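I'm opening my notebook for a look through one structure. I'll jot things down as I go.

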Amino acid sequence: MKFPRARRPRRRLLLPAALAALAALAPGALAAAPDGLPSPGRGLNLLVVGIDTRKGVTAEEKERFRLGGKECDCTDVMMLVHVSAENDRVDVVGLPRDTLTSFPYKHRDRRTGKQHAGHPAKVNGAWTEGGSAYAVEIVESMTGLPVHRYLEIDFRRFMDTVDRVDGGVPICTEKALVDPATGIDLRPGTKAVGGGEALQYVRSRKADGQMDFGRIRKQQKFVVNTLERLREGILDDPGKLRGLAATLRGKRAAERGISTTELLTLAARLRDLRPDRTSYATVPVRGFNPTVAGVGSTVGLDEEGAAKVFGRLREDLPLPAADEIAPSEVSAATYRPASGASLICP
């Protein structure tokens, strides 16, 4: 399967894109900067994934932040981040974890070492079966886009990174958000949170009736507001900035994994980017598929709409407007790209 806020003055925006916040490179296809971060002629694509694992999380944290559930051993979050070739625009596209795709014949299962026959699957299972390399391969196959760099974040690393942000990260809501599954209980308004509460917020999908689509938008809002806090408190402090980037990156080896130095380079490239030059969307979705044997309930892409979105990114052009994409059968899933400026908490 292929697939009103007042204007603010010009601002600097740091983008270690994963705080979120997405085919092997042909020889000669990229011009590599001295630091190693590619500078592709049609923009840089970063795949950011969040792994559902409690490794390193204490028993007290599991209880306090409702993290005691069973791990899915999968990518619970998937964002494709496109940085334009001129470093003057960033587009972030969320990929619903339950999106139906197909895994090709004779791929090797990293858990057992055995080869699988081709089969239908949810996109978040690619990491489960083949690790980072296979997740990259499947996303490239689905989107037709090269993934130049990859960033993987687990629960521990997410909490530790947020805790490095002085004063916490603001989250805001117009309506009360209560989710017994994650323990989040927010009154209308704005509240600054640390790592544990932030994790509750970005994991919540039962608080607003918007399911995984609402959760993706929460994650995108959190990315924008984290970047705003970094701009205000860390961007001009090299020591704090390197410490945050190192915490975010961690030490785990990964296929095309972005390095700490490359994260800092990306931040430097985008330091003058305004929030209104960033866009956030979820890939166009048709609706829910009939239950697939051995896979379960899945989301079906709007293949025509998804092709428009990924086609624009391949040409290094802005995302299509909402009225260029047909509405989804599921109102919560209707394609509505939003400017980063519109997602900043008051």
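**Entry 1: the disulfide**

I'm working from a predicted model here. I began with two cysteines, and both cysteine 172 and cysteine 345 turned out to be buried. Are they joined to each other or apart? They are joined: a disulfide links cysteine 172 to cysteine 345, with 2.1 Å from S to S. I reminded myself that a disulfide is a covalent bond between the sulfur atoms of two cysteines. I then looked up where the two ends sit. Cysteine 172 is in strand E9 (residues 169-173) and cysteine 345 is in the segment after strand E16 (338-339), so this pair ties together parts 173 residues apart in sequence. I also checked the twist: the angle about the S-S bond is -90°, and the link of cysteine 172 and cysteine 345 is left-handed. My count of disulfides came to one.

**Entry 2: strand E8**

Next up was strand E8, residues 149-154. Is E8 enclosed or open? Six of its six residues are buried, so the strand is largely enclosed by the rest of the structure. I remembered that side chains in a regular strand alternate between the two faces of the sheet. In E8, Arg149, Leu151 and Ile153 point one way, while Tyr150, Glu152 and Asp154 point the other way. Residues on both sides are buried, charged-looking names or not, as I noted for all of them.

Which strand did I find joined to E8? It's E1 (residues 44-51), connected to E8 by six bridges, and the two run parallel. I picked out one contact to look at: leucine 47 has tyrosine 150 in E8 as its bridge partner.

**Entry 3: aromatic pairs**

How many aromatic pairs are there? I got three. One of them is phenylalanine 158 with phenylalanine 222: the ring centres are 5.7 Å apart and the planes sit at 40°, so I wrote the pair down as tilted. Phenylalanine 158 belongs to helix H3 (residues 155-163) and phenylalanine 222 to helix H5 (residues 211-233), so the pair ties together parts 64 residues apart in sequence. Both phenylalanine 158 and phenylalanine 222 are buried.

I looked at phenylalanine 213 and phenylalanine 288 too. Their ring centres are 6.3 Å apart and their planes are at 55°, so this pair is tilted. It links distant parts of the chain, with phenylalanine 213 in helix H5 and phenylalanine 288 in strand E14 (residues 285-288), 75 residues apart. Are these two buried or partly exposed? Phenylalanine 213 is buried, at 6% relative accessible area, whereas phenylalanine 288 counts as partly exposed at 41%.

Key
Residues are numbered from 1 along each chain as its sequence is written. This is a predicted model: local features need pLDDT of at least 70, side-chain atom pairs count only at pLDDT 80 or more; totals for chains, interfaces and linings use all residues. Side-chain values use heavy atoms; hydrogens and water are left out. Buried means under 20% relative accessible area, exposed over 50%, partly exposed in between (1.4 Å probe, protein chains only). Helices (H or I, at least four residues) and strands (E, at least two) are DSSP runs, numbered from the N terminus. Two strands pair if DSSP finds at least two bridges between them. A disulfide is a pair of cysteine sulfur atoms within 2.5 Å. Rings of Phe, Tyr and Trp (its six-membered ring) pair if their centres lie within 6.5 Å; planes under 30 degrees apart count as stacked, over 60 as edge-to-face and the rest as tilted.
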